[in-house]
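Visitor: I am new to this structure and would love a close look at a single part of it. Could you take me through a helix pair and what follows it?

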Amino acid sequence: MRKLFYSIIGCTFFLAGMSGCNKFLDRAPLSAPATGTFLNNENEINVSLTAVYGSIKWEFGLVPYQSGSDGWTDLAILRANELGEGTFDTYNSHPAAIWSFAYTTIQRANTMLDGMVKAKPNVAPATYGRMEAEARVLRAWAYFYLTAMFGDAPLITKPLQPNEFYNQKRAPKQEVVKFIYDELDAASQSLDWMPSVRGRVSKSMALGLKARTALYNKDYAVAADAAKQVIDKAGLSLNPRYQDLFTRSGQKPNAGNEIMLEVLYTDALAGSITYLPLGNASRAAGGQSGRFPNQRLVDQFECTDGKRIDESPLYDPQQPSKNRDLRLKYTVAMPGDTLTMNNTTFVYDIYKSSTAFKNADGSWSVKGNADYDNAFGPAKSGVGYLWTKYTMTDENVFLAKVSFILMRYAEVLLTYAEAKIELGQLDGTVTAAINKVRQRAGQPPVPAAIEADQNEMRKLIRRERTVEFAVEGFRWLDIRRWGIADLVMPGKVVGIAKSPAAMPPVPNFKKTAAHDLNSIPDYTGQLDLRYTRETRFWTPKLMLLPVPQAERDINPGLTQNEGW
C-alpha cells in the first residue's frame, strides 16, 4: 500500500522537517484532507469532503475506468490489447491503479471522519450528520469496487499509524460486504432523498449503492428492498430522452433527476476535462478513436417489435440498423448514420474513402473519410463501429466536460426487477419497473405471455441491462456474476461485414441454452465475411483481478487471488 503510506504520512514527515512549515500548515489544504488541527469548523470539513469527492474520479488517460472496463469485455475493444485479451499478469498497471484509487478514496474518507470529530461542537447537527454520511457513502463506494473486482480486501476504517501500514490483512469479502450494508444503512438516515447540491450523494444514491452491492452478491431480498425504497419514496423518474443523459447540455437540467451520481467537470478549471468523447469519436470528425463496440453488442438490441433479431420478422440483415431499438443509435454508430461529433455533422461510413459533411450554411460537401483509411480508425483498428454514447456530446472533444454518470435511476429499476426475478417473485411491480425503461426507449412492454416465466424474464432483464448500460461500466461485473464469462470471453473479436455487398446472415443465438438465455450470438461460418480482431483467452483466475504485486512486495501479508 505504498500510495496509502505516502499520501497519509510521507508528506507529513517531509513538512515537519522544513523551516517555516508553520505558515504552510496554517493554510487549509486545497485538494486533500489532513489530520491534526485542520478540521475545526464546517468550512474546513467541507474542504475535506470535496477532496473525498475528487478522489472518486478514477481515470486512465482522462477516461473513466468504469467506461474503459467495457473494453475488457465481450462487447467492446480498446485499440491496444488490454485486460480483455486475458494474458496480463500481476504487474499490470490497471489492477494496480484501481486498487490505488479505491484506497485513496478510503484514506481520504477515513482521515476526514477521524478529524472532523473535533469540529462537531462548531457545526449544526444536521449539517455535521450529512457531511459525515456523505463521506461514509463514498468510502462504501470504494469498498464495493474492491470486493467486486478483487474479492477479499483490507478493511480499513480509520487513519493508520505508521506501524500499521505493513501488516494489513485482507478481510473476507462477505465481512466487507456487511460493512458496506451497515455503513449505507447508517449513512442514509442522515441524508435527504435528493442531494444537497449537484454531484453530491443522497439517500437515493446510498440505497441505490446498497441495492447494487446486494445484487452483485446475490443477496436478492436485500437488493429488492433497497431498490424498492428508492422507487417508492425518492420521487425520481427517467429522463424522457435517453440521448440527453450523455451530452453536457442534456445533463444540465437532469430531467426526472435520473442522474444520481456523476463525475463532474467544471468551467472554473481549464484542466477539468474528460477525454472519453475524444478517444471514442470519429476520425473523420477530428476525434482519436481508440475504443470500439463490437458485433455482439449490436446484435443484442431488439427490433422495434420487442423481439430479438433472430426472432423478429422486422430484422433485415441487408439493413441491420432499420427497425431497431432507438438506444442502438445513441450507443453505436452504424454505417449510413448521420452523426454530430466534435461540432461536426457527417455521414458515418467505413466502406468508402469519402463521405458527406454538413457545412456551416447547411449545405453538404463530400470530403475525405478518415474512418475508412486512418490506421487508427474504426475500419483498420476496430471492427467497423464507433461509440455514439458520450461521443455525440455538443462540445469540442479536446475540451469536453460532459459528466460521466456513476449511478442513475434506470439502474435502480432494473436492479429491482432482476432481484425479484431471481427470487421468483414475478408480480406486477417487476414488469412495471422494466416497462418504464423500455417505454423510454420506444420498445413495447414485456409480453404478457412471459410475465410469469422466470427463465424468459431472466433472459429479458439480462438483455435489457446490456443495451441500457453499454459503455457505462457494468458488463465486466455482470458476465462474472451471471457465470458466463467463460462462455463469452474466449475467441475472436467479431465486427461488421467487410463489404456491404456481402452482408452476413442472422447469427445463431441458440447454440446452447446458455447462449439463448444470455442472448449470445454465435458467428460460426461468418468470420470470413466480417471484420475480426485479436483472439481472446479465458482462464478461471480471470474471475477476479490480481492483487497488485507491488502491494504484496510492500506488505507480504497480503494474500493473492487463486491462480495468480
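Guide: Happily! Let us begin where two helices touch: Val177, Ile180, Tyr181, Leu184, Asp185 and Ser188 in α7 meet Lys203, Ala206, Leu207, Leu209, Lys210, Thr213 and Ala214 in α8. Contact here means heavy atoms within 4.5 Å. The labels come from DSSP runs, numbered from the N terminus, with helices (H or I) of at least four residues and strands (E) of at least two.

A word on the source: this is a predicted model, in which local features need pLDDT of at least 70 and side-chain atom pairs count only at pLDDT 80 or more, while totals for chains, interfaces and linings use all residues. Residues are numbered from 1 along each chain as its sequence is written, and side-chain values use heavy atoms, with hydrogens and water left out.

Two packed helices are described by the angle between their axes and the distance between the axes. For α7 (residues 173-188) and α8, the angle is about 160 degrees and the axes are 9 Å apart. The α7 helix is therefore roughly antiparallel to α8, a term for angles over 145 degrees. Axes are lines fitted to C-alpha atoms, for helices over the stretch in contact, and angles run from 0 to 180 degrees between N-to-C directions. The crossing of α7 and α8 is left-handed, that is, the near helix is turned anticlockwise from the far one by less than a right angle.

Next comes the loop between α8 and α9, where Lys218 is found. Most residues other than glycine have a negative phi. Lys218, though not a glycine, has a positive phi of about 60 degrees. With a relative accessible area of 47%, Lys218 is partly exposed; buried means under 20%, exposed over 50%, and partly exposed in between (1.4 Å probe, protein chains only).

Then we reach α9, which has 14 residues, 220-233. From its first C-alpha to its last, α9 reaches 20 Å, close to the 20 Å expected at 1.5 Å a residue; the expected span is 1.5 Å times one less than the number of residues. The buried residues of α9 are Tyr220, Ala223, Ala224, Ala226, Ala227, Val230 and Ile231. Our earlier helix returns here: the cover over these buried residues includes α8 (203-216), along with β4 (259-263) and α15 (409-423). Just after α9, Gly235 takes a positive phi of about 75 degrees.

How values were computed
Angles under 35 degrees count as roughly parallel, over 145 as roughly antiparallel, 65 to 115 as roughly perpendicular and the rest as oblique.
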